[in-house]
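Me: I'm new to this one and I'd like to learn how to read it. Could you walk me through a few features, one at a time?

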Amino acid sequence: MIDLGRVAVLLLVLLGVWQLSKILQKEKAAFGLSRLSIPQKKSLKYRLFQSQKALFFLALFFFGLAFCNPAFNEKSMSLLQPLPRKGVAIYLLIDESGSMAESAPFDRGKMISKSDFAKELGREIIEKRKNDLIGLIGFARKADIICPLTLDKNVLISRLNAMHVVKNEDEEGTAIGYAIFKTVNLIVATKHFAKREREKEKKKPTYSIDNQIIIVLTDGLQSPNPLDRANPFRFMRIEEACDAATQNGIRVYYVGVDPVLENSEFRSEAEKMKRAVESTKGEFFISNNDEPIRKIFSQIDTLEKSDLYMPNAEVNENDKMHSLTPLCIVLGLLFLSLGVLVETVFARVAP
């Protein structure tokens, strides 16, 4: 941004300098210069002589620009990047229950916590789905909105990295059904308000969501906190939550990040979860590597992309501004010094 008042003053000063230079040129023409003192051939000295005006003009330009107090912020610079216009909406549901802090053997026998592995998969989704709106939900006993749908991948990565497993026993649980149901309603509300805004303003909404995906990253199956047994939402069955997703055209993908889920003791519950997510046209995976994510990507790529009409970002006055005035002053002094050096040393003329 630039101070427009100072720009007006600068233009008046430049106009005055231009008029003064015309007067001085007329006076020089009246007295004349010794043609013998000016090189006639286009030698290096002659070219330096011709460059004097350009150097002094550049010095004047940068001093004038410094007077206008130019500045920018990081958000305004990001506007120079083209915004994607088509994509899908993806919500990542990441398990924050205490068991996610436990380590497990993952790809190539690497022992890391299940929480860190889930975050690795989350980062891969965020970084590779550049044209998609992505949101974050953290869940254990309850489900919290970590980040609503956005195209700002830096914000998403930052908030993903800040996620942590619950420490309090009262917050324990793996309420997958509730987390899915809450996310479904969040997507429905987002679409509703976008439509209402379009009708109100008689224009296209800031975003249009036609295809929506929910990806659940967890080390467990449906296991709400027993204290919520009387709560119809927090104790919601997986089948009921997936029915709500199906009715609203939302696909649900389950990615189990603990290999023990394949054991026979979990087979019954795993089959129930698989049938539920497949009813939404999604898929059920249990894996110790990122293969499920690649399969999910390939399926997402077959879906019709939504048009994303993102609003022009506004610059917040509280955003950190970076002044260009010192740089302009340095460049002005540099060109002024070069101009003086050329005039007094390399291209001297005799009157």
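Me: Let's start with I329. Is I329 buried, partly exposed or exposed?

Reply: Keep in mind that this is a predicted model. For burial, you look at relative accessible area: under 20% is buried, over 50% is exposed, and partly exposed sits in between. I329 has a value of 36%, so I329 is partly exposed.

Me: Which helix does I329 lie in?

Reply: I329 is part of helix α10, which covers residues 325–346.

Me: And what does I329 touch, leaving out residues up to four places away in sequence?

Reply: For a contact, you check whether heavy atoms come within 4.5 Å. With those sequence neighbours set aside, I329 touches F63 and A66. Take A66: along the chain, A66 and I329 are 263 residues apart, yet their C-alpha atoms are separated by 6.0 Å.

Me: Now T280. Why does T280 count as buried?

Reply: The same kind of reading works here. The cut-off for buried is under 20%, and T280 counts as buried because its relative accessibility is 4%. You'll find T280 in the loop between α8 (267–278) and β10 (284–286).

Me: What surrounds T280, again skipping residues up to four places away in sequence?

Reply: T280 touches C242, A245, T246, I250, R251 and V252. Have a look at V252 in particular: the backbone nitrogen of V252 is 2.9 Å from a polar atom of the T280 side chain.

Me: Where is D258 found, and what is its relative accessibility?

Reply: D258 is in the loop between β9 (250–256) and α8. Its relative accessibility is 9%, so D258 counts as buried too. Leaving out residues up to four places away in sequence, D258 touches K114, D219 and I286.

Me: Last topic: empty space inside. How many cavities of 30 Å³ or more does a search of the whole structure find?

Reply: A cavity is space where a probe fits but cannot get out. Searching the whole structure turns up 1 cavity of 30 Å³ or more. The largest cavity holds about 40 Å³ of space.

Me: Which residues line the largest cavity?

Reply: The lining is made up of I94, D95, E96, S115, K119, M163, H164 and V165. β3 (89–95) and α4 (114–128) each supply at least two of the lining residues. Sorted by class, the lining has 3 nonpolar, 2 polar and 3 charged residues.

Terms used:
Residues numbered from 1 in each chain as written. Predicted model: local features only at pLDDT ≥ 70, side-chain atom pairs only at ≥ 80, totals over all residues. Heavy atoms only, no water. 1 Å grid on protein atoms, 1.4 Å probe; cavity = no way out; pocket = protein on both sides within 12 Å on 5 of 7 lines; lining within 4 Å. Points joined across faces, edges and corners; volume = space filled by probe spheres on them. Helix = DSSP H or I, 4+ residues; strand = E, 2+ residues; numbered from the N terminus. Nonpolar A, V, L, I, M, F, W, Y, C, P; charged D, E, K, R; others polar. Buried < 20%, exposed > 50% of the residue type's maximum accessible area, 1.4 Å probe, protein only. Polar contact = N/O pair within 3.5 Å; in protein donor to acceptor, adjacent residues only side chain to side chain.
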